[in-house]
Every structure is written in structure tokens, then in C-alpha cells.
Amino acid sequence: MRELAVQALSSVERGYDLLAPTFDRTPFRTPDRFLDATAGALAALGPFEDGLDVCCGTGAGLRALRPLCRGSVTGVDFSAGMLARARAADPAGDARWVRADVRAMPFTEAFDLAVSFGAFGHFLPAERPLLFAQVRRALRPGGLFAFPVGAPPAPSSPWYWAFAGFDAALRVRNALWRPPFVMYYRTFPLGAVRADLEAAGFAVRLTPLEEFGRRDDGSPRCRLVLARRT
Ligand SMILES: C[S@@+](CC[C@H](N)C(=O)[O-])C[C@H]1O[C@@H](n2cnc3c(N)ncnc32)[C@H](O)[C@@H]1O
């Protein structure tokens, strides 16, 4: 509890530095089934040359990138602690780990594929245009930015209220405490995200990840966003 409290009162970067040693045992690390479903859907669009994992954390996304990319694989994150774990856990040892804020990445037309998992809650809606512009700049013309997005839970689901409660608690915390810890579950709606991607210069397509099934209304529980740099 003490550890969690200290993390919750830190900045995002410092919070992840503190969480890094145990991160892979938390539910915040993207489960392999999401990584494998993403890799499966992208396999038909590849192979790719150079791949980038945006907000790579301890390196989960490399499980998806490695089989898809014939060239280099790179993870970028601003937490030195998370990157240290990623480097230590990289079995092949040939990935590049870059410490940078993804709102100001040091890459220009360097990758054919960019992926991101479990990190968009750390960006306010107003930051999305900058974030997407940075990813676009990192991609070569025609490059692909891909990430899975889950369907929002219905108000009848306990998850709806859990996410709403979490977001409300963090808004109160951020109104009262500096530095802010930006992490919201309900600030990444697909319609607005798609519009921001298109405005940033991507052609956007969605594909269902059928592994995760369908909701009662027939819509997919999880989709892969495929944003191609135009
Ligand atoms: C929930 S973790 C996800 C890590 C990994 N992608 C995964 O799925 O397991 C979110 C990661 O985003 C990183 N992050 C958040 N905001 C960032 C920013 N502005 N620039 C770089 N990294 C950021 C954090 O340091 C953290 O490692």
C-alpha cells in the first residue's frame, strides 16, 4: 500500500521508475494474448522492415514486433527504470531502447511499423494531435501505426463504474496535487481518436480482433486500429 501510494503521488515518469521492478507481474503489462492477436492481424500486411514500440515499458510489444520485422526493432519510453528492465529481459539482445518523451521523439522517417500497447490513457485528448504527429514523423511514407482498442464497457457492466470511479478519483488527485499523474481510462474514444489520426495525416481502417469475441449487440470487443501514413 505504501509503495502504491508513493507511486500514485509521483509524476508518470517517476511512478513507472518505481513500478518497474514489479511491473511484469501487474495487470498493467499488456497480456500476451493482445500482443499475439495484434501480431496475427498484422502478419497479413507485412513483412515490415524496421519496427517501433511507442511507450514500450518493459518491452512487452517486442513479442508482437519481432516476428513481423526483418530489420531493427526499437522501444521508446521516458522511464529509465522501465527501459532498464526491458533491456535486461530482451532475450535476443538486439533491440534498441531509446529514452524519450514520445511527444518529442528523436526519429524521422525511420520505421515502417509502429505499435503501441496500453499507454494512451497517459495522454490528455489535447495531446493526441502532437503524439500522432510524432508517430507520423517517425514513420516512412506508407508506414503503419497499429494499436488495439477495446470496446468501452456498457453502463450495465461493473467495469463501466470501476473505470468511471478511477478517472474521477484521479481528477480529484490531479486537482489537488503536483506533479499530476495522468492516467484516465475513458479519454480515448475511437471516434475522436480516428478523427485525430486522420487530421494528423493517416488513412485509418479498423479490423476486429475476433479472438476477443463480440458483445451482445454484435460489435467486436476489441479492434485493431490500422493507421497508414498517407
Ligand atoms: C501501462 S505502461 C505500458 C507498457 C507496455 N507498452 C506494455 O504494454 O506492457 C505505460 C508506459 O508508457 C510510458 N509513458 C507514459 N507517458 C509517456 C511519454 N509521454 N513518453 C514516453 N513514455 C511514456 C510509461 O513510462 C510506461 O512505461
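**Exercise 1. Place Glu-109 in the chain, and work out whether Glu-109 is buried, exposed or partly exposed.**

Step 1: Glu-109 sits in the loop between strand 3 and strand 4. Strands (E, at least two residues) and helices (H or I, at least four) are DSSP runs, numbered from the N terminus.

Step 2: Keep in mind that this is a predicted model, where local features need pLDDT of at least 70 and side-chain atom pairs count only at pLDDT 80 or more, while totals for chains, interfaces and linings use all residues. Residue numbers start from 1 along each chain as its sequence is written.

Step 3: Look at the backbone: phi of Glu-109 is near 45°, a positive value in a residue other than glycine.

Step 4: Count neighbours. A residue is buried if 20 or more other C-beta atoms lie within 10 Å of its own, exposed if 12 or fewer, and partly exposed in between, with C-beta atoms placed from the backbone. Glu-109 has 13 other C-beta atoms within 10 Å, so it comes out as partly exposed.

**Exercise 2. Do the same for Cys-55, then say what Cys-55 is close to.**

Step 1: Cys-55 is found in the loop between strand 1 and helix 4 (62–65).

Step 2: Cys-55 isn't a glycine, yet its phi is positive, at about 65°.

Step 3: Cys-55 counts as buried because it has 22 C-beta neighbours inside 10 Å.

Step 4: Now bring in the ligand: 21 residues surround it, and Cys-55 is among the closest, along with Thr-30, Gly-57, Ser-79 and Phe-117. Here, a residue is near a molecule if its C-beta atom, placed from the backbone, lies within 6 Å of it.

**Exercise 3. Find which strands pair with strand 1 (residues 51–54), and check its two faces.**

Step 1: Strands pair if DSSP finds at least two bridges between them. Strand 1 and strand 2 are joined in the parallel sense by four bridges, with Thr-74 as the strand 2 partner of Leu-52.

Step 2: Strand 4 also runs parallel to strand 1, again through four bridges; there, Ser-116 stands opposite Val-54.

Step 3: Both faces are covered: Gly-51 and Asp-53 are buried on one side, Leu-52 and Val-54 on the other.

**Exercise 4. Trace the chain from strand 4 to strand 5 and beyond.**

Step 1: Strand 4 (residues 111–116) runs parallel to strand 5, with four bridges between them. Between the two, the chain passes through helix 6 (residues 128–138), and this β-α-β crossover is right-handed (with the strands pointing away from the viewer, the path from the first strand over the helix to the second runs clockwise).

Step 2: Pick out one pair: Ala-114 has Phe-145 as its bridge partner in strand 5.

Step 3: Strand 5 is antiparallel to strand 7 (residues 222–229), with seven bridges, and Leu-144 faces Arg-228 there.

**Exercise 5. Which strand gives the most to the largest nonpolar core?**

Step 1: The largest such core has 47 residues, and Leu-113, Val-135 and Ala-146 are among those with the most contacts inside it. A nonpolar core is a set of buried Ala, Val, Leu, Ile, Met, Phe, Trp, Tyr and Cys residues joined through C-beta atoms within 7 Å.

Step 2: Strand 5 (residues 139–150) gives the most, with five residues.
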